[in-house]
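Welcome! Here is a short tour for anyone meeting this structure for the first time. Please have a look at the sequence and the model before reading on.

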Amino acid sequence: MITLKNIVLRRGTKVLLDNVSTTINPGESIGLVGRNGAGKSTLFALLNGTLAEDGGDFFIPPQWRMAQVAQHMPETDQSATQFVLEGDTQLTEVEARLAAAEASGDGMEIAQAHCDLADVGAHDAVPRAQALILGLGFKVEELDHPVNSFSGGWRMRLQLARALMCPSDLLLLDEPTNHLDLDALVWLEAWLKRYPGTLITISHDREFLDAITNVTLQIQGGQLTRYGGNYSRFEELRAQQLELQAASFAKQQEKMAHLQKFIDRFKAKASKAKQAQSRV
């Protein structure tokens, strides 16, 4: 599991997370919500290792593999299939080992590499990559088109397919529905429901979050609050919490007004001055 204990995160002089703690369990599908600038992307940066905590203790299992959609626009003449296929980092690593072994004539390493290729699913890697591409709305005849031939939105779909192709225990998705039409969105929801690892998603699409998440983490005012359930359940629980806070505040104000009334009435009387001062 991932644990955050008394974590402090800053961007420049601004404290985005102030002494927060939470636990993320294996297999949970989490919606990360909060206003723009609240710290959602900063928390992602902590999770993916590009940012260190400014205070507290952060732990993620060292053996966990992580996948995330690259935010830069891909510029390459590779075919769509090859580009997505290279998202499988395990397959790419073993293929590189095999090429090096063949170049050096190392028979033992060649044999081991072939065994490892079987273990990482090399036999069906191309069909798996193409299934992801087609699921995200591409046409069959576009599978071999160069990445650079597509518009920006379609290239970002290929980045998403590449991230899904990567074997992972933790999948981080930041607004994954931005460039998707309805058919691709429905397909992605179905794929993510089958994803066996831990999923954390930032999205402003509440229906999408409702469909795929079972836990909600809210960042607000430098605090991180965990709610059981999808986005709609989070809104219900949050509304109940705000109602209780409002009732508590009203009761507090009523008590303060009563005390102030006593103070104003008796502070000038010698017999009651001590009691009035105690209420102050």
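The notes below go through the sheets, an aromatic pair and the pockets.

Please keep in mind that this is a predicted model. It holds an open sheet of 3 strands and another open sheet of 6 strands. Its largest pocket has about 290 Å³ of space, and a search of the whole structure turns up 5 aromatic pairs.

**The sheet of 3 strands**

- Reading across this open sheet, the strands come in the order 2-1-4, and their pairing is antiparallel.
- The edges are strand 2 (14-24) and strand 4 (55-59), each of which pairs on one side only.
- On average, neighbouring strands here are turned by 30 degrees against each other, with direction ignored.
- Strand 1 (residues 2-11) and strand 2 run antiparallel and are joined by 8 bridges.
- To find a spot along this pairing, look for I7, which stands opposite V20 in strand 2.
- Helix 1 (residues 40-47) packs on the sheet and touches strand 1, strand 2 and strand 4. The direction of helix 1 makes about 125 degrees with that of strand 1.

**The sheet of 6 strands**

- This open sheet follows the order 5-6-7-3-8-9, and its pairing is mixed.
- Strand 5 (66-68) and strand 9 (223-228) are the edge strands, each pairing on one side only.
- Neighbouring strands in this sheet are turned by 20 degrees against each other on average, again ignoring direction.
- Strand 8 pairs with strand 9 over 6 bridges in the antiparallel sense.
- Within that pairing, I219 has L224 in strand 9 as its bridge partner.

**An aromatic pair**

- Two numbers help when looking at such rings: a pair is described by the distance of the centres and the angle of the planes.
- Among the 5 aromatic pairs found in the whole structure is the one made by F138 and F150.
- The ring centres of F138 and F150 lie 5.2 Å apart and the planes stand at 85 degrees; an angle over 60 counts as edge-to-face, so this pair is edge-to-face.
- F138 and F150 are 12 residues apart, and each sits in the loop between helix 5 and helix 6.

**The largest pocket**

- This pocket, with about 290 Å³ of space, is lined by 17 residues.
- Nearest its centre lie V33, G34, R35, Q218 and Y231.
- Two or more lining residues come from each of strand 3 (29-33), helix 8 (206-212), strand 8 (215-220) and helix 9 (231-266).
- Sorted by class, the lining has 7 nonpolar, 6 polar and 4 charged residues.

**The second largest pocket**

- The volume of the second largest pocket is about 220 Å³.
- Its lining is made up of 15 residues, with R128, L164, M165, C166 and P167 lying nearest the centre.
- Helix 5 (125-135) and helix 6 (152-165) are the elements that give two or more residues to this lining.
- Of the elements, helix 5 gives the most, with 3 residues.
- The classes here are 10 nonpolar, 2 polar and 3 charged residues.

Note on methods. Residues are numbered from 1 along each chain as its sequence is written. This is a predicted model: local features need pLDDT of at least 70, side-chain atom pairs count only at pLDDT 80 or more; totals for chains, interfaces and linings use all residues. Side-chain values use heavy atoms; hydrogens and water are left out. On a 1 Å grid over the protein atoms alone, a cavity is a set of points where a 1.4 Å probe fits but cannot get out, and a pocket is an open set with protein on both sides within 12 Å along at least five of seven lines; lining residues have an atom within 4 Å of a point. Grid points are joined across faces, edges and corners, and a volume is the space filled by probe spheres set on the points. Helices (H or I, at least four residues) and strands (E, at least two) are DSSP runs, numbered from the N terminus. Ala, Val, Leu, Ile, Met, Phe, Trp, Tyr, Cys and Pro count as nonpolar, Asp, Glu, Lys and Arg as charged, and the others, Gly among them, as polar. Two strands pair if DSSP finds at least two bridges between them. Axes are lines fitted to C-alpha atoms, for helices over the stretch in contact, and angles run from 0 to 180 degrees between N-to-C directions. Contact means heavy atoms within 4.5 Å. Rings of Phe, Tyr and Trp (its six-membered ring) pair if their centres lie within 6.5 Å; planes under 30 degrees apart count as stacked, over 60 as edge-to-face and the rest as tilted.
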